[in-house]
Amino acid sequence: MKNNLKDLTDEQLIKEFQDNNTVDAYELLVKRFKDPLMNYVFRFVGNKDVASDIVQDTMIKFYLNKDSYKSFAKFSTWIYTIAGNLARNELKRRKRRVIFSLNNHDDDQELQVEDKSFVAPDRATDNSISREMVEKALKKVKPVYREVVVLRDVQGLSYEEIAEITELSIGTVKSRINRGRKQLQKLLKNIYKG
Amino acid sequence: MNKKFYNEDSEHQEIIKLLKDLPKVTASDNFEFNLMTHINNKNFKIKSEQKQSNFFWVLVPATGLVISAVVIFFVFFNQSNEFNLLLQEPAKIMGSVNNNDYPKNLNDVILDQKPLGNSYAGAVSKKKSATSEPKQSKTLRIVVKPNDVIDEEYVNLPFDKSKSVNVDAAIDNFSKNSTQPQSTLVGGVRKQSGFDGFYIREQLNRKFLKEWRARLDSINKNLNQRVNSLR
């Protein structure tokens, strides 16, 4: 049975889970999407523990609301939408906490990436350092832009899929991706000469 | 015709490459186990939504606002009571401003002004000497009028200055030289003070007076009748 399930597409698996309440189908979908979702949510919220909780919540929501999935949509789009909504709520909550907190220790405020004195030019060529800087710069990009940039450039989704996940028009998605990339480029100007 | 508004991927090739090269983050090894444990135990609490229902962040500014409002209210409430002249009786304010408070001619008051120092005190003392000081024992009182004019007035207090004594000195003297005659304290036995103390003014009872007047009239009438009969 399990071997047969492995050959099924995501949409067929969710149908199996909806119709026959097959937990194996559910488990298989979890196995397929836990890592991509984890990567997406982590790049979006910037915290591994929070990202893990969000992905766990996404899977629970998927389990509880399996019937709300309609077969005309792609399963990946649907599950990304759930995870994206939870991540956005988390970011809003964190923003409120930062506003009312007397001591702002938000990670986003820690580093001025555009400070050229931060990394010596000879060290900037080092892959690990440049990667670290990209990660930090990505955290500094506005969340509305960061979300779509991550979906496009990190997760490799199409514009249509991103538009469906974010419930935006394709034009808005493209505009936001462009702005996000420009922000990132500005932040990384000492290692990236674009 | 198909105008390209955004250069899309071609313009930011290097950024895209940097983002693609970022290491992939994976879920923890026990992710599935934890998830299935939650589901099997029917523990469907969604952590991120639970955190959202915490309204403490609303209470913090609300509490601050209420406290500041209360403080501001009390501050302004007290100030308005202290400085609101409208609450005072207008007659009192007008009555307190007297033409006598202003000297008509400064020469009347300042007879010999000294070049330095006690200018106003000198003026006051000269005024005191210029005016005929009452020989009776009266207490001089400095009064600050509402229009900031300082004036002095003599007040008849029921204490005789000649009989007044420094209480501390008297006690000290008594303890040192008990043989010496003791001083008399204020209101001593030599002369009785005119001060009778406070008494309550009673209101007239008209009914009671009428009754007694009627009685007295009847007695007088009766007496007159008797006198006439005896004659």
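**Working through the A–B interface**

Between chain B and chain A, 7 residue pairs are in polar contact, both residues of each pair having pLDDT 80 or more; such a contact is a pair of N or O atoms within 3.5 Å, where, within protein, one must be able to donate a hydrogen and the other to accept it, and sequence-adjacent residues count only if both atoms are side-chain atoms. The model is predicted, with local features needing pLDDT of at least 70 and side-chain atom pairs pLDDT 80 or more, while totals for chains, interfaces and linings use all residues. Residues are numbered from 1 along each chain as written, chains are lettered from A and ligands numbered from 1 in written order, and side-chain values use heavy atoms, without hydrogens or water.

**Exercise 1.** Describe the side of chain B that touches chain A.

*Solution.* Start with the helices (DSSP runs of H or I, at least four residues, numbered from the N terminus). In chain B, H1 (8–11), H2 (13–20), H3 (31–40), H4 (47–52) and H5 (56–83) each supply at least two residues of this side. H3(B) gives the largest share, 7 residues. Next, sort by class: 17 residues are nonpolar, 7 polar and 12 charged. Here Ala, Val, Leu, Ile, Met, Phe, Trp, Tyr, Cys and Pro are nonpolar, Asp, Glu, Lys and Arg charged, and the others, Gly among them, polar.

**Exercise 2.** Give the extent of the interface between chain B and chain A.

*Solution.* First count residues: 36 of chain B are in contact (heavy atoms within 4.5 Å) with 46 of chain A. Then take the buried area (accessible area, 1.4 Å probe, lost on putting two parts together, summed over both). This area is about 4300 Å², with 63% from carbon and sulfur atoms.

**Exercise 3.** Find the salt bridge across the interface of chain B and chain A.

*Solution.* Look for a side-chain nitrogen of Lys or Arg within 4 Å of a carboxyl oxygen of Asp or Glu. The structure holds 11 salt bridges over all chains, and 1 is found across this interface. Lys34(A) and Glu32(B) meet there, N to O, at 2.8 Å. Lys34(A) belongs to H3 (residues 23–45) of chain A and Glu32(B) to H3 of chain B, so the pair joins two chains.

**Exercise 4.** How do H10(A) and H2(B) cross?

*Solution.* Fit axes to C-alpha atoms over the stretch in contact, with angles from 0 to 180 degrees between N-to-C directions. The two axes come within 10 Å and cross at roughly 85°. H10(A) and H2(B) are therefore roughly perpendicular (65 to 115 degrees). Finally, name the residues: Arg181(A), Leu184(A) and Gln185(A) meet Ile15(B), Ile16(B) and Leu19(B). By class, this contact has 4 nonpolar, 1 polar and 1 charged.

Notes:
Parallel < 35°, antiparallel > 145°, perpendicular 65-115°, else oblique.
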